[in-house]
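This briefing walks through a structure one topic at a time, and it is best read with the picture open beside the text. Please look at the sequence and the model first, and then follow the points below.

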Amino acid sequence: MPELPEVETIVRDLQEILPGATIKDLQVLRPNVIRGSKTIFKEQLIGKTFESISRRGKNIVANMGSRLILVVNLGMTGRLGLQQDDSLFTHPAIYFTLNIGPTLVYDDVRRFGKLNIYNEQEWLDRSAQLGPEPLSPDYKHTDLHEKLNSSLSPIRSWLLDQKNVVGVGNIYANESLHLSGIHPQRPANRITEKESQLLYKALRKILLSAIQNRGTTLRNYRDVSGKGGNNSTKLRIYGRHGENCLGCSEQVQRIVFSNRSAFFCPRCQR
DNA sequence: AGTGTATCCTGCAGGC
DNA sequence: TGCCTGCAGGATACAC
């Protein structure tokens, strides 16, 4: 469910709440959302204090002190929130009892999300396998162009692969490709330098404005306080098949490849 | 090596 | 109403 803008919104919310909070107790109701044994997971986390919260791609990264890192990937329907109103959590998977404030809840309808504990080195290694952050000032359009050159895969699939660039999921891949006028099935290595520059700009613009709108809520996504994001009405192409393209009024098409829907305008995107 | 597909789950919308 | 099918923001193990 959540892509970079949604995870960024949650991380900013958590930064206001968690640093300094100590985990007093922990209940794992759904063991399949954690890697490894529930007993070890509890042993490692109970008594630890949240030192800082950050984001790497679609991962929420919590520094727990003692060189221990808790990494939360929300999958499709994962969500972190505070238990101020029980009715908000339909599928609680983990309860974190803190020394201050309400209980922190990890809730996940489909349980595709995962919580992982790493030591510092393990996380560095894992993080090194991920691609660059698209919003980092170090990320240049030439980085994107060079990497595109070595791949035959359709550009929409390429954008979803976290080894190439992190944080982009199906919504923002489709949105960026529409804004830059590139067909989702175009082989990555057949994107011209000029087009890759357009894609680079589109990607950053789309992600930044979605962050400003606190993310896209189609169904399950909620911020930490339980509110949906405001970006869904701003979508230009995602989910709009059968409607008119905003640029040229041609009908928006939907096709499926790699088991995911792609939306595009046959006139604006070649 | 580098891609595409099936799979993990539950809920919901739409067709009959 | 109820049953069936398809589809949903992600990541990964596997087959080619």
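Leu152 sits in the loop that runs between helix 4 (141-149) and helix 5, and with a relative accessibility of 71% this residue counts as exposed. The model in which Leu152 is seen here is a predicted one, and the points that follow should be read with that in mind. Leu152 is also one of the residues that surround DNA strand B, and the briefing therefore returns to that strand after a closer look at the loop.

**Leu152 and its surroundings**

- Leaving aside residues up to four places away in sequence, Leu152 touches Pro187, Ala188 and Asn189.
- Leu152 and Asn170 are 18 residues apart along the chain, and their C-alpha atoms are separated by 19 Å.

**The surface around DNA strand B**

- The residues that surround DNA strand B include His91, Val109, Arg110, Arg111 and Phe112, and also Ser151, Leu152, Ser153 and Pro154, with Arg219, Ser258 and Asn259 completing the list.
- Of the atoms of DNA strand B that come within 4 Å of the protein, 57% belong to sugar and phosphate.
- When the residues of this surface near DNA strand B are sorted by kind, four are nonpolar, five are polar and three are charged.
- Which part of DNA strand B does the side chain of His91 approach with an N or O atom? The partner is a phosphate oxygen, and the distance between the two atoms is 2.9 Å.
- Ser151 has a polar side-chain atom that lies 2.9 Å from a phosphate oxygen of DNA strand B.
- For Asn259 the partner is a base nitrogen of DNA strand B, which is 2.7 Å from an N or O atom in the side chain of Asn259.

**Two residues with a positive phi**

- Most residues other than glycine have a negative phi.
- Asn259, which is not a glycine, has a positive phi near 60°, and this residue is found in the loop between strand 9 and strand 10.
- Is Asn259 buried or exposed? With a relative accessible area of 76%, Asn259 is exposed, where the cut-off for that word is over 50%.
- Ser66 likewise is not a glycine and has a positive phi, in this case of about 45°, and Ser66 lies in the loop between strand 3 and strand 4 (68-73).
- The relative accessible area of Ser66 is 61%, so Ser66 is exposed.

**Helix 1**

- Helix 1 (residues 4-15) has 12 residues, which at 1.5 Å a residue should span 16 Å, and this agrees with the 16 Å that separate its end C-alpha atoms.
- Because 10 of the 12 residues of helix 1 are buried, this helix is largely enclosed by the rest of the structure.
- Among the buried residues of helix 1 are Leu4, Pro5, Val7, Ile10, Val11 and Leu14, and they also include Glu6, Glu8 and Asp13.
- The elements that cover these buried residues of helix 1 include strand 2 (52-56), strand 3 (59-63), strand 5 (78-82) and strand 7 (104-108), and helix 6 (170-180) and helix 7 (193-212) are also included.

**Helix 6**

- Helix 6 is largely enclosed by the rest of the structure, because 10 of its 11 residues are buried.
- The buried residues of helix 6 include Asn170, Ile171, Tyr172, Leu177 and Ser180.
- The buried residues of helix 6 pack against helix 1, helix 5 (155-160), helix 7 and strand 10 (260-264).
- Gly181 follows helix 6, and the phi of Gly181 is positive, near 70°.

**Thr217 in its loop**

- Thr217 is found in the loop between helix 7 and strand 9 (253-257), and with a relative accessible area of 14% Thr217 is buried.
- The side chain of Thr217 reaches the backbone nitrogen of Gly229 at 2.6 Å, while a polar atom of this side chain lies 3.1 Å from the backbone oxygen of Tyr221.
- Not counting residues up to four places away in sequence, Thr217 touches Arg222, Gly228, Gly229 and Ser232.

**The two domains of chain A**

- The domain assignment of chain A gives domain 1 (4-128) and domain 2 (141-264).
- The contact takes 19 residues from domain 1 and 19 residues from domain 2.
- Taken over C-alpha atoms, the centres of domain 1 and domain 2 are separated by 28 Å.

Conventions: Residues are numbered from 1 along each chain as its sequence is written. Chains are lettered from A and ligands numbered from 1 in the order in which they are written. This is a predicted model: local features need pLDDT of at least 70, side-chain atom pairs count only at pLDDT 80 or more; totals for chains, interfaces and linings use all residues. Side-chain values use heavy atoms; hydrogens and water are left out. A residue is near a molecule or strand if one of its heavy atoms lies within 4 Å of it. A polar contact is a pair of N or O atoms within 3.5 Å; within protein, one must be able to donate a hydrogen and the other to accept it, and residues adjacent in sequence count only if both atoms are side-chain atoms. Ala, Val, Leu, Ile, Met, Phe, Trp, Tyr, Cys and Pro count as nonpolar, Asp, Glu, Lys and Arg as charged, and the others, Gly among them, as polar. Helices (H or I, at least four residues) and strands (E, at least two) are DSSP runs, numbered from the N terminus. The expected span of a helix is 1.5 Å times one less than its number of residues. Buried means under 20% relative accessible area, exposed over 50%, partly exposed in between (1.4 Å probe, protein chains only). Contact means heavy atoms within 4.5 Å. Domain bounds come from an automatic or database domain assignment.
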